[in-house]
Amino acid sequence: MALTRDFKETVNARVQRDSEFAIALLDEAISLFLNGEPETARLILRNIVNATVGFEQLAIETSKPSKSLHRILSAKGNPTMDNLTAIFNVLRKKLNVDINVKTTVIYH
C-alpha cells in the first residue's frame with residue numbers, strides 16, 4: 001500500500017520552500033474572488049495563511065480574533081471588504097509582493 005501525504009501538508013511545504021508558488025496561489029485567490037468563486041478563494045487564502053503567517057499572527061496583525069479569521073476563511077465565510085483587505089495586506093507583506101489586478105473586458 002502506497003503512503004500518501006496530506007494535501008494541506010503538501011501545500012504547506014511547497015509554499016514554505018517556493019515563494020513563487022505562494023505568490024501564484026495568492027494571485028489565484030484574487031482571480032477567483034473577482035470571477036465569482038469566493039468559496040474556493042477563501043479556502044486558498046486559508047492554506048496560504050496556514051503555510052505562512054499562521055492564524056495567531058494574522059489575528060495580531062489584523063486586530064481580529066483568530067476564531068473570526070478561521071470563520072471568515074472557511075468555505076461558508078462571509079468576509080467584509082475591510083477584512084479581506086486586511087488579510088491581503090498581511091499576506092502581501094509576508095510574501096513581499098505588490099498586488100496588481102489586470103482585467104479583461106469581454107463584450108457580448
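## Close-up views of a predicted helical model

**View 1. The buried side of helix H4.** On H4, the buried residues are Gly-54, Phe-55, Leu-58, Ala-59 and Thr-62. This is a predicted model, so read the views with that in mind. What do the buried residues of H4 pack against? Their partners are H3, H5 and H6. Just after H4 comes Ser-63, and its phi is positive, near 60 degrees. As a reminder on helix geometry, an α-helix has 3.6 residues a turn, so residues three or four places apart point the same way.

**View 2. The largest nonpolar core.** Count 29 residues in this one. If you want to know where the contacts pile up, look at Leu-26, Leu-45, Ile-48, Leu-58 and Leu-91, which have the most contacts inside the core. Leu-58 also showed up in View 1, among the buried residues of H4. Two or more residues come from each of helix H1 (7-17), helix H2 (19-34), helix H3 (38-51), helix H4 (54-62), helix H5 (66-72) and helix H6 (81-95). Which helix gives the most to this core? That's H2, with seven residues. For background, nonpolar side chains in soluble globular proteins tend to be buried together.

**View 3. Around Leu-91.** Here we zoom in on one of the core residues with the most contacts. Leaving aside residues up to four places away in sequence, Leu-91 touches Leu-26, Leu-45, Ile-48, Val-49, Thr-52 and Val-53. Leu-26, Leu-45 and Ile-48 are also on the list of residues with the most contacts inside the core.

**View 4. Phe-33 meets Phe-88.** The count of aromatic pairs comes to one, and here it is: Phe-33 and Phe-88, arranged edge-to-face. Their centres sit 6.2 Å apart, with 80 degrees between the planes. Phe-33 belongs to helix H2 and Phe-88 to helix H6, so the pair ties together parts that are 55 residues apart in sequence. Are the two rings' residues buried or exposed? Both Phe-33 and Phe-88 are buried.

**View 5. Arg-14 and its two partners.** The structure holds one salt bridge, and Arg-14 forms it with Asp-18. The closest N and O atoms of the two are 3.2 Å apart. Arg-14 also lies over the face of Phe-21, at 4.2 Å from the ring centre. As for accessibility, Arg-14 counts as partly exposed, at 33% relative accessibility. Asp-18 is partly exposed too, with a relative accessible area of 22%; the cut-off for buried is under 20%, so Asp-18 does not count as buried.

How values were computed
Residues are numbered from 1 along each chain as its sequence is written. This is a predicted model: local features need pLDDT of at least 70, side-chain atom pairs count only at pLDDT 80 or more; totals for chains, interfaces and linings use all residues. Side-chain values use heavy atoms; hydrogens and water are left out. A nonpolar core is a set of buried Ala, Val, Leu, Ile, Met, Phe, Trp, Tyr and Cys residues joined through side-chain atoms within 4.5 Å. Buried means under 20% relative accessible area, exposed over 50%, partly exposed in between (1.4 Å probe, protein chains only). Helices (H or I, at least four residues) and strands (E, at least two) are DSSP runs, numbered from the N terminus. Contact means heavy atoms within 4.5 Å. Rings of Phe, Tyr and Trp (its six-membered ring) pair if their centres lie within 6.5 Å; planes under 30 degrees apart count as stacked, over 60 as edge-to-face and the rest as tilted. A charge sits over a ring if NZ of Lys or CZ of Arg is within 6 Å of the ring centre and within 35 degrees of the ring normal. A salt bridge is a side-chain nitrogen of Lys or Arg within 4 Å of a carboxyl oxygen of Asp or Glu.
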